[in-house]
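This report describes the fold of a single protein chain, from its overall make-up to its sheet, helices and nonpolar cores. The sequence and the structure are shown first.

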Amino acid sequence: MEAERCGPGPAPPLIPSSGPPRGDEAAAPTLVETHAGAQDSAGPAILPSSPELLDFDDDEDLEVFSKDTSLMEVNSFSPLMPTSPSSMINQYKFEDEPELKDLFVTVDDPESHITVIETFITYRVVTKTTRGEFDSSEYEVRRRYQDFLWLKGKLEEAHPTLIIPPLPEKFIMKGVMERFNGNFIETRRKALHKFLNRVVDHPTLTFNEDLKTFLTAQAWELSSHKKQGPGLLNRMGQTVKAVASSMRGGAVKNRPGVFTEMSDYVDVFSQKISLLDKISRRVYKEEKDYFYELKEYSPIHTLWSASEEDLVDTLKGVASCIDQCSKAMEKRMAVLSETLIPTLHEYVLYSETLMGVLKRRDHIQAQLDSKVEALYNKKTEGDLLSEEIGKLEDKVECASNALQADWDRWKENMCLDVKMAFSDVAENNIRYYEQDCQPPGRVWKSS
């Protein structure tokens with residue numbers, strides 16, 4: 001297992017902060033004002049199928065959202081990544097980092113595979129690097145979702161108190177959307193691309209040996225590498241221990257105040273980001289319903305004009321205007337479905353990750369507290385316990401330092417992500433309302 005890095009915090013974040021350093025990083029969350037951010041928009045707008053989004057009828061969400069503390073300045077692990085492998089090298093030079101980025105990864109080209117046993121999707125993973133530890137400067141492999149899941153598990157195993165980026169869920173909770181629907185596959189591809197780039201941009205995770213294997217090994221080599229790990233019974237035992245430790249997570253006696261503040265922050269953050277995710281999906285659903293009504297409304301006026309000779313121009317003009325409005329609405333909805341909703345949902349998943357990381361740190365702390373108590377009660381030999389306590393103290397210090405450094409980095413990145421998402425939506429709404437939806441050659445005059 002790769003050793004956890006101790007000592008000073010990780011390198012400065014890849015995205016320079018636009019403001020001065022914050023003092024109390026674990027304070028109660030507060031909303032921040034948005035600023036303009038780049039939008040990663042390539043290709044035509046694709047509207048996800050309606051079953052993918054949840055329907056919420058209760059109107060109490062906004063009231064609940066206004067009653068409690070709000071979200072604090074916080075952010076994700078990487079800037080927007082280029083989608084073309086050929087355009088990746090030598091593009092990134094950051095203000096706070098004199099060296100060029102040396103590892104670039106893209107996830108693209110999904111392919112469906114049908115066998116006698118199963119049907120699954122694989123994605124092409126292209127890696128370009130100038131690092132000396134890689135045997136080549138470019139790799140191209142194909143990976144399926146379970147391979148990404150394996151990588152995430154290995155990263156958590158090697159770095160239990162680092163904040164590992166979340167993967168998209170394996171199953172759709174509503175169970176209605178077609179699993180191999182084109183929109184679903186593209187949405188998952190983007191999420192896998194983001195996950196992998198967050199890992200690559202992380203100052204510690206980027207040097208993980210299992211990540212290197214994931215990026216470079218062919219399918220059969222990766223399969224062989226997986227088999228070298230612990231057996232099924234061993235993994236089951238580890239899972240049971242992990243569950244047991246998570247159940248004991250809240251019973252730590254000597255938890256430092258900074259981690260109590262983190263835990264309180266995560267509780268509030270989880271509530272607020274889940275509510276934002278829920279409301280944004282409801283807004284999207286309402287706008288999508290309106291969009292489909294507009295699409296049906298325009299042809300009605302066109303058909304009507306065929307039977308009204310005196311109103312032909314007027315009715316066709318109305319039909320053209322409605323058609324332009326529906327196209328503008330489609331573009332507006334695309335920003336919600338491709339930018340805001342994925343960002344908010346990713347941080348819903350991050351909140352679950354944060355809870356797990358805090359519980360794992362608490363579990364290590366609980367082990368130390370247990371040994372110290374045993375030494376105090378002299379339940380076993382003092383010399384042996386003192387040696388174990390010394391090792392556990394080092395382990396707790398290492399775990400705490402790693403989490404604190406990663407926490408600061410995560411919050412800074414999350415702040416930028418949320419700002420950019422809401423800023424993109426705001427700017428897109430401004431463009432939408434500034435558009436002229438009058439038919440060509442006609443100027444509407446008010447009476």
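Of the 447 residues in the protein chain, 44% are buried. The model is a predicted one, and its pLDDT averages 76 over the protein chain, with 67% of the residues scoring at least 70. Two stretches have pLDDT under 50 throughout: residues 1-5, for which the model has 20 contacts beyond four places in sequence, and residues 173-177, for which it has eight such contacts.

**Overall architecture**

Nine helices and three strands make up the secondary structure of the protein chain. Their order along the sequence is α-β-β-β-α-α-α-α-α-α-α-α. Among contacts with a separation of 6 or more, 79% are between residues 24 or more positions apart.

**The sheet**

The three strands form an open sheet in the order β1-β2-β3, with antiparallel pairing. β1 and β3 are the edge strands; each has a single partner strand, so one side of each has no neighbour in the sheet. Direction ignored, neighbouring strands are turned by 20 degrees against each other on average.

The strand β1 covers residues 103-114 and β2 covers residues 119-129. A hairpin of four residues links β1 to β2. The two pairings of the sheet are set out below, each with one example of bridge partners.

| Strand pair | Bridges | Direction | Example of bridge partners |
|---|---|---|---|
| β1 and β2 | ten | antiparallel | Ile 114 and Thr 119 |
| β2 and β3 | seven | antiparallel | Val 125 and Val 141 |

**Helices packed around the sheet**

Helix α2 comprises the 14 residues 145-158; at 1.5 Å a residue these should span 20 Å, and the end C-alpha atoms are indeed 20 Å apart. The buried residues of α2 include Tyr 145, Phe 148, Trp 150, Leu 151, Leu 155 and Ala 158, but also the residues Asp 147, Lys 152 and Lys 154. Their cover includes the strands β1, β2 and β3 (138-144), together with the helices α3, α4 (209-216) and α5 (219-227).

Helix α3 spans residues 182-201, and its end C-alpha atoms are 29 Å apart, which agrees with the 28 Å that its 20 residues should span at 1.5 Å a residue. Most of α3 is covered, with 14 of its 20 residues buried. The helix lies across β1 and β2 and runs at about 150 degrees to β1.

**Nonpolar cores**

In soluble globular proteins, nonpolar side chains tend to be buried together. Where are the nonpolar residues with the most contacts inside the largest core? The largest nonpolar core has 32 residues, and Tyr 265, Phe 269, Ile 273, Tyr 347, Leu 403, Trp 410 and Met 414 have the most contacts inside it. At least two residues of this core come from each of α7 (257-305), α8 (312-376) and α9 (382-434). The greatest contribution is that of α8, with 14 residues.

Leu 403, one of the residues with the most contacts inside this core, touches Thr 161, Ile 163, Phe 259, Met 262, Val 357, Leu 358 and Arg 361, leaving aside residues up to four places away in sequence.

A second, separate core has 31 residues, including Ile 121, Val 141, Trp 150 and Phe 184. Of these residues, Trp 150 is one of the buried residues of α2, and Val 141 is the bridge partner of Val 125 in the pairing of β2 with β3.

Methods. Residues numbered from 1 in each chain as written. Predicted model: local features only at pLDDT ≥ 70, side-chain atom pairs only at ≥ 80, totals over all residues. Heavy atoms only, no water. Pairing = 2+ DSSP bridges. pLDDT = per-residue confidence, 0-100. Contact = heavy atoms within 4.5 Å. Expected span 1.5 Å × (residues − 1). Buried < 20%, exposed > 50% of the residue type's maximum accessible area, 1.4 Å probe, protein only. Core = buried A, V, L, I, M, F, W, Y, C linked by side-chain atoms within 4.5 Å. Axes fitted to C-alpha atoms, helices over the stretch in contact; angles between N-to-C directions.
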